[in-house]
Amino acid sequence: MRRRLAELYERGPGEAPEAGGAEAGGRPGGGPANGTENGAGIGGVDVLAPRLARGVLLVTLASFLLITFLNILALGLSGPVEALGIGIMLLIAAIQLRHSATGADRAPTRLKAATLGAQAVLTYLPIVLFHANWGSMAGFLGASVLLLVPARKAWPLFGLIVLSMLVNPVLDGKGLLECVYMAESTMLCGIAVFGLTRLACMVHEVHAARGELARMAVANERLRFARDLHDVLGYSLSAITLKSELIHRLIPNNPRRAMEETAEVLTLSRQSLSDVRMVARGVRDMSLEQEISSVSSVLGSAELKLEIEASLGELNPQVDGVLATILREAVTNVLRHSKATTCRIEAVAQHGWARLCVINDGVDARYRDTCPNSGSGLRNMEQRLAAIGGTLSAGCGPDGRFQLLANAPLDPSRHLAVVDSGAAEEAV
Ligand SMILES: Nc1ncnc2c1ncn2[C@@H]1O[C@H](COP(=O)(O)OP(=O)(O)OP(=O)(O)O)[C@@H](O)[C@H]1O
Ligand SMILES: [Mg+2]
């Protein structure tokens with residue numbers, strides 16, 4: 001009879017939940033990725049902040065260039081000299097844009113040295129022609145140094161660049177106020193361009209990280225859904241099949257018992273319908289106590305000798321839900337993978353831990369259900385337990401019986417806090 005359970009799974013692999021596939025990154029049901037995953041919802045629409053940050057930076061750069069441009073025009077120099085000044089300014093602007101681009105600091109050191117060197121030459125040589133009116137171009141050089149050179153060397157270099165702007169006014173015999181003005185305007189330009197560039201890069205990084213977090217949340221939700229569906233449908237289908245087969249055999253000789261079993265099948269199918277709805281909504285409250293009584297009825301129909309020892313008392317709802325789900329999958333496995341004649345379920349609490357143990361005999365490779373897309377039940381249980389700080393072990397003992405042992409802390413939040421603080425201390 002139990003052998004036919006395996007056939008049911010084999011007949012309808014397409015109808016079975018493909019938990020394994022989903023965990024491997026597959027798409028349950030093979031449907032198209034939703035808008036959130038392909039980036040339309042995360043990376044495509046909400047791009048205002050990075051654009052705004054970059055826009056503010058560009059406007060600032062343009063404003064400083066415009067000031068220098070007006071200063072050059074104010075000198076009343078010949079057309080070719082003015083054109084030369086504007087050409088150099090545009091070259092500096094192009095180099096600055098490169099230095100202010102996201103990831104410019106990760107460029108090869110040689111390339112950074114070459115572009116910084118070019119910017120330094122283009123910054124200092126024109127001072128011979130334009131004197132103080134070339135002013136803020138040195139600020140761009142300072143910003144580039146802060147952006148590309150490691151901080152330890154960058155800030156002293158930046159200070160040197162600011163001070164170097166005093167040389168020309170001093171040589172020209174300008175007063176103290178004008179000297180201070182030159183140094184101050186260079187510093188202001190450098191700090192503003194550096195600050196706005198870093199801000200734009202940070203906004204870009206935060207935005208990218210947010211997208212990544214949202215994608216991870218979608219993937220986790222998909223895993224949760226696949227796990228829940230696997231556990232809910234695996235058990236319900238096994239139980240319904242088992243009871244239906246029993247009914248089929250009972251009808252000729254014991255129609256009264258067949259009627260009773262039919263009522264249970266109805267209850268089971270209604271329950272699984274409501275479970276599937278709850279899985280879809282993301283809320284699924286299960287209790288170990290209820291689950292024990294439900295599996296007793298199912299295992300009874302399988303004509304197993306069932307021993308139950310349950311003394312857990314009031315459980316934390318999270319632990320209760322996890323242990324109930326584990327019992328479901330453990331019993332599904334008993335039905336699918338063994339020709340058990342006895343099954344023992346122990347659920348006890350001791351020393352701050354809840355212990356659930358399911359032991360069955362009848363482990364026989366011939367009775368093992370090897371339908372495709374299977375093999376994620378034990379892994380799911382392990383993950384569920386790990387999330388609350390618990391552990392799982394499963395396998396055949398020396399007596400040939402299969403034993404599944406789940407241990408979960410009675411107070412998961414306290415247990416996880418202790419584990420976290422231990423890990424933090426070790427890290428220090
Ligand atoms: N109670 C059991 N009795 C005998 N063998 C078992 C029992 N439980 C698990 N096994 C063995 O462990 C294997 C892994 O079980 P697991 O629940 O992870 O996967 P599955 O039941 O084969 O597939 P799925 O749960 O994804 O539908 C099974 O294929 C079976 O060989
Ligand atoms: Mg299983």
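**Ligand shell, cores and helix H9 in a predicted model**

Ligand 1 is surrounded by 16 residues, of which Asn-333, Ser-374, Gly-377, Leu-378 and Phe-402 come nearest. The model is predicted. Two helices, H14 (317-337) and H15 (377-387), each supply at least two residues of the shell around ligand 1. H14 gives the most, with four residues. By class, the shell holds nine polar, five nonpolar and two charged residues.

The protein as a whole has 428 residues, and 32% of them count as buried. Its secondary structure comprises 16 helices and five strands. Many contacts span long stretches of sequence: among those between residues at least 6 apart, 74% join residues at least 24 apart.

H14 also features in the largest nonpolar core. This core has 44 residues. Leu-323, Ile-326, Leu-327, Val-331, Ala-406 and Ala-408 touch the most other members. Several elements each supply at least two residues of this core: helices H11, H12 (255-281), H13 (288-301), H14 and H15, and strands S2 (342-350), S3 (353-360) and S5 (402-409). H14 gives the most to this core, with 10 residues. Apart from this core lies another, of 30 residues, including Leu-61, Met-137, Val-145 and Ala-200. In soluble globular proteins, nonpolar side chains tend to be buried together.

Two residues of the H14 region show its surroundings in detail. Ile-326 touches Leu-356, Met-381, Arg-384 and Ala-406, leaving aside residues up to four places away in sequence. Arg-336 is found in helix H14. Is Arg-336 buried or exposed? Arg-336 has 24 C-beta neighbours inside 10 Å, and therefore counts as buried; the cut-off is 20 or more. Arg-336 and Arg-368 lie 32 residues apart in sequence, yet their C-alpha atoms are 6.6 Å apart in space.

Helix H9 (residues 151-164) offers a check on helix geometry. At 1.5 Å a residue, its 14 residues should span 20 Å. The end C-alpha atoms are 20 Å apart, which agrees. Within H9, Phe-158, Ile-161 and Val-162 are buried. These three cover an arc of only 95° around the axis, so they sit on the same side of H9. The face turned away from the buried side carries the exposed residues Arg-152, Lys-153, Pro-156, Gly-159, Leu-160 and Leu-163. What covers the buried residues of H9 includes helix H8 (137-148) and helix H11 (176-253).

Terms used. Residues numbered from 1 in each chain as written. Chains lettered and ligands numbered in written order. Predicted model: local features only at pLDDT ≥ 70, side-chain atom pairs only at ≥ 80, totals over all residues. Buried ≥ 20, exposed ≤ 12 C-beta atoms within 10 Å, placed from the backbone. Contact = placed C-beta atoms within 7 Å. Near = placed C-beta within 6 Å. Nonpolar A, V, L, I, M, F, W, Y, C, P; charged D, E, K, R; others polar. Expected span 1.5 Å × (residues − 1). Arc of directions from axis to C-beta. Core = buried A, V, L, I, M, F, W, Y, C linked by C-beta atoms within 7 Å.
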